[in-house]
Amino acid sequence: MTRIPRYHVLADGLRSEIRSGRYPVGAQLPTELEICRTEGVSRHTARDALRILIDEGLVERRQGAGTKVIAAQRPAAFIQPLGGPQELMQYARDARLEISATMRRPLDAWESAWLETAGEEPWAVADGLRRRAGGEMLARTRLFIPARFAEIAGEIGASPGAVQELIERRWGVRPARIAQQITAQVLDEESARSLHVKPGTAALRTLRRYLDEQNRVIVASDSLHPADRFAYEMTYHRDGG
């Protein structure tokens, strides 16, 4: 059985006290030092617990002003219309990507098979987190950019728009087809920690490839979304007749 980290237990308790009204909207939460003293935890544990509540949109921290409750319930899940290219582009605009690491390396066997390439030329691989406008983390994302466009990697996150839009502006190459696969899985400890959720949390994994007219990958992404933060939505219309 996976052991739940202490900071998650602490965050659960503080969240419950916010929902119960012990700490109503506008109230101040105890300071890190007060939490350490009353709960018998380290300052690092207290800080991680508060960070979860910040990412959930329940509290905010300001230098010199402490931690204030701003909502009794976390925002509703981010709804992504399961439509065409414009909807996918809009997600990239609404959920900004913060890059934590970028490297150039050869693809492993699984990546080569998924991206349908046998070449050994290094690709640009960028890891990051997507956040909604309010600051809540939505996904852990890994981007794959082929060598011919790899120089764009340093601009990801710094320039507005989706990566494929940056590539189109620079080289005039635009997607002719988008292939997407959606699966369900649970988060391992590393992914869960980066997203500030418990290990074993249910998640949606989206594998997406943007392909040109020659069916070559322009850019691809591998994203993990905690299930309670993200949902796909599709509307069907009945044909008349």
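User: Which glycine just after H2 takes a positive phi, and of about how many degrees?

Analyst: Keep in mind that this is a predicted model. Helix H2 covers residues 32–39. Right after H2 comes glycine 40, and its phi is positive, at about 70°.

User: Why do the buried residues of H2 line one face of the helix?

Analyst: Let's start with who they are: Glu32, Ile35 and Cys36 are the buried residues of H2. In an α-helix there are 3.6 residues a turn, so residues three or four places apart point the same way. Look down the axis of H2 and its buried residues line one face because they fall within an arc of 100°.

User: And which exposed residues sit on the face of H2 turned away from its buried side?

Analyst: Here we want residues with over 50% relative accessible area, as that is what exposed means. The buried side has its cover, which includes helix H1, helix H3 and strand S1. On the face turned away from that side, the exposed residues are Arg37 and Thr38.

User: Which strands stand at the edges of the open sheet of six strands?

Analyst: Try reading the order, which goes S4-S5-S6-S9-S8-S7 with antiparallel pairing. A strand at the edge has a single partner strand, so one side of it is left without a neighbour in the sheet. The two that fit are S4 (96–105) and S7 (177–186).

User: What is the bridge partner of alanine 101 in S5?

Analyst: S4 and S5 run antiparallel, and nine bridges join them. S5 spans residues 123–131, so to speak the place to look. There, the partner of alanine 101 is aspartate 127.

Key. Residues are numbered from 1 along each chain as its sequence is written. This is a predicted model: local features need pLDDT of at least 70, side-chain atom pairs count only at pLDDT 80 or more; totals for chains, interfaces and linings use all residues. Side-chain values use heavy atoms; hydrogens and water are left out. Buried means under 20% relative accessible area, exposed over 50%, partly exposed in between (1.4 Å probe, protein chains only). Helices (H or I, at least four residues) and strands (E, at least two) are DSSP runs, numbered from the N terminus. The arc is that of the directions from the helix axis to the C-beta atoms. Contact means heavy atoms within 4.5 Å. Two strands pair if DSSP finds at least two bridges between them.
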